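Colleague: Could you take me on a close look at one part of this model, the strands in the middle and the helices that link them? I would like one connected account, with the salt bridges included.

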Amino acid sequence: MRFKKYVLVIIERTKLSKFFIPFLALLCCITLLLVYLFYNPKPKIKEAASQASSYVAIIFEDAGMDEEEVQKLLSINVPFDIAIIPFLPFSNKISLMCQEKGKEVLLHLSMEPEEGSTIWLCPRSIMNATPDDEVEKIFKDALANVANSKGVSTHLGTLVCKNERIVKKLCLLAKEKDMTVIDSTFSSESLFAKIGKQMGLQVIIPDIVLDSRNELKPIQDKFNLLFNMAKKKGFAVAIGHLGLDGGITTIEAFKQTVEKAKKENIKFVFVSEISKLEKKNIK
């Protein structure tokens, strides 16, 4: 009460009473104007939205024959997956190398193709006539050979992917081990996605193949296309190959792309992370 009395006395003595309310209103207006000019939250909201990351997973397939090539790939310090064909000379060793370097391993099962030579089929491939009990034995032995596999992907397999009996068996085996299936056949007739959905199994279909033999520029262009895909839908998956189909050239393009990805706010992740993002989208 004393404070109020003193204020009224000051106002009366300084003869500001008739000007006090307009003066106070003007002061409030000036304060609001300054807050609007120097503390406008809208630009910050836009900035935060522009900083949202897009996610990209790269799968390097066909590992198992060349240990040195994989060592060069493992020197790249971002997340990516290596799909290892089982029962090859370095399959088990490479899977352990990847684990030590913190990379994600996929079991790359060799399956019969529809057309062309079977020269690229690997030991203990799953053929179109392979009985269910043998499919299961190959799968389990392959898991023992390629340690710590997070998922299973197809090597060749454009004929097997249309075989409902074998696809169901493989999906069931993958589900029992809580593994994601990556359908690398790029076949419109593949049954993996359809049967996987029926079983409640996650099946990922890659968006693009990166490789170009001994030509760096086409692979760089495909990385740009991949990044644009990821920006549109939030995430994308690409396949690269070790060996003759890409190998050192694809690895070099990947190295050069890492810095570009940072500038474009692209985040490299494992396929298991893409699997989680896809589940969220489905929900």
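Modeller: Gladly, and let me begin with a term: a salt bridge here is a side-chain nitrogen of Lys or Arg within 4 Å of a carboxyl oxygen of Asp or Glu. Please keep in mind that this is a predicted model.

With that rule, 16 salt bridges are counted. The one to start from joins Asp132 and Arg165, whose closest N and O atoms are 2.7 Å apart. Asp132 belongs to helix α6 and Arg165 to helix α7, so this pair ties together parts that lie 33 residues apart in sequence. Both ends can be seen from outside to some degree: Asp132 is partly exposed at 30% relative accessibility, and Arg165 is partly exposed at 33%.

Now follow those two helices to the strands they connect. Strand β4 covers residues 149-156, and six of its eight residues are buried, so the rest of the structure largely encloses this strand. On one side β4 pairs with β3; the two run parallel and are joined by seven bridges. Within that pairing, Ser110 stands opposite His155 of β4. To get from β3 to β4 the chain passes through α6, and this β-α-β crossover is right-handed.

Strand β4 also pairs with β5 (residues 180-182), again in the parallel sense, over three bridges. Here Val152 has Val181 in β5 as its bridge partner. The chain travels from β4 to β5 by way of helix α7 (residues 164-176), and this β-α-β crossover is right-handed too.

What does Phe139 touch, leaving aside its neighbours within four places in sequence? This residue of helix α6 is in contact with Leu107, Leu109, Val152, Leu170, Leu173, Ala174, Lys177 and Met179. One of these contacts, Val152, is the residue we just met as the bridge partner of Val181. Another is Ala174, which is 35 residues away along the chain, with the two C-alpha atoms separated by 9.1 Å. Phe139 has a relative accessibility of 1%, and because buried means under 20%, it counts as buried.

For contrast, step out to the loop between β3 (104-111) and α6 (132-145), where Ile119 is found. Its relative accessible area is 62%, so Ile119 is exposed. Together with Trp120 and Leu244, Ile119 makes a nonpolar surface patch of about 400 Å².

Since you asked for the salt bridges, let me add those further along the chain. Glu264 meets Lys231 side chain to side chain, at 2.6 Å from N to O. That pair links distant parts of the chain, 33 residues apart: Glu264 is in the loop between α10 (247-263) and β9 (266-268), while Lys231 is in helix α9 (residues 216-233). Glu264 forms a salt bridge with Lys260 as well, at 2.6 Å, N to O. Each of the three residues is partly exposed: Glu264 at 25%, Lys231 at 40% and Lys260 at 32%. Finally, Glu114, Lys162 and Glu189 are joined into one network by salt bridges that share partners.

To return to where you pointed me: β4 has parallel pairings with β3 and with β5, and the salt bridge of Asp132 and Arg165 ties α6 to α7.

How values were computed
Residues are numbered from 1 along each chain as its sequence is written. This is a predicted model: local features need pLDDT of at least 70, side-chain atom pairs count only at pLDDT 80 or more; totals for chains, interfaces and linings use all residues. Side-chain values use heavy atoms; hydrogens and water are left out. Patches are made of residues with over 30% relative accessible area and no salt bridge: like charges are joined within 9 Å, nonpolar side chains (Val, Leu, Ile, Met, Phe, Trp, Tyr) within 5 Å. Accessible areas come from the Shrake-Rupley method with a 1.4 Å probe; for residues, only the protein chains shown count as cover. Helices (H or I, at least four residues) and strands (E, at least two) are DSSP runs, numbered from the N terminus. Buried means under 20% relative accessible area, exposed over 50%, partly exposed in between (1.4 Å probe, protein chains only). Two strands pair if DSSP finds at least two bridges between them. A crossover is right-handed if, with the strands pointing away from the viewer, the path from the first strand over the helix to the second runs clockwise. Contact means heavy atoms within 4.5 Å.
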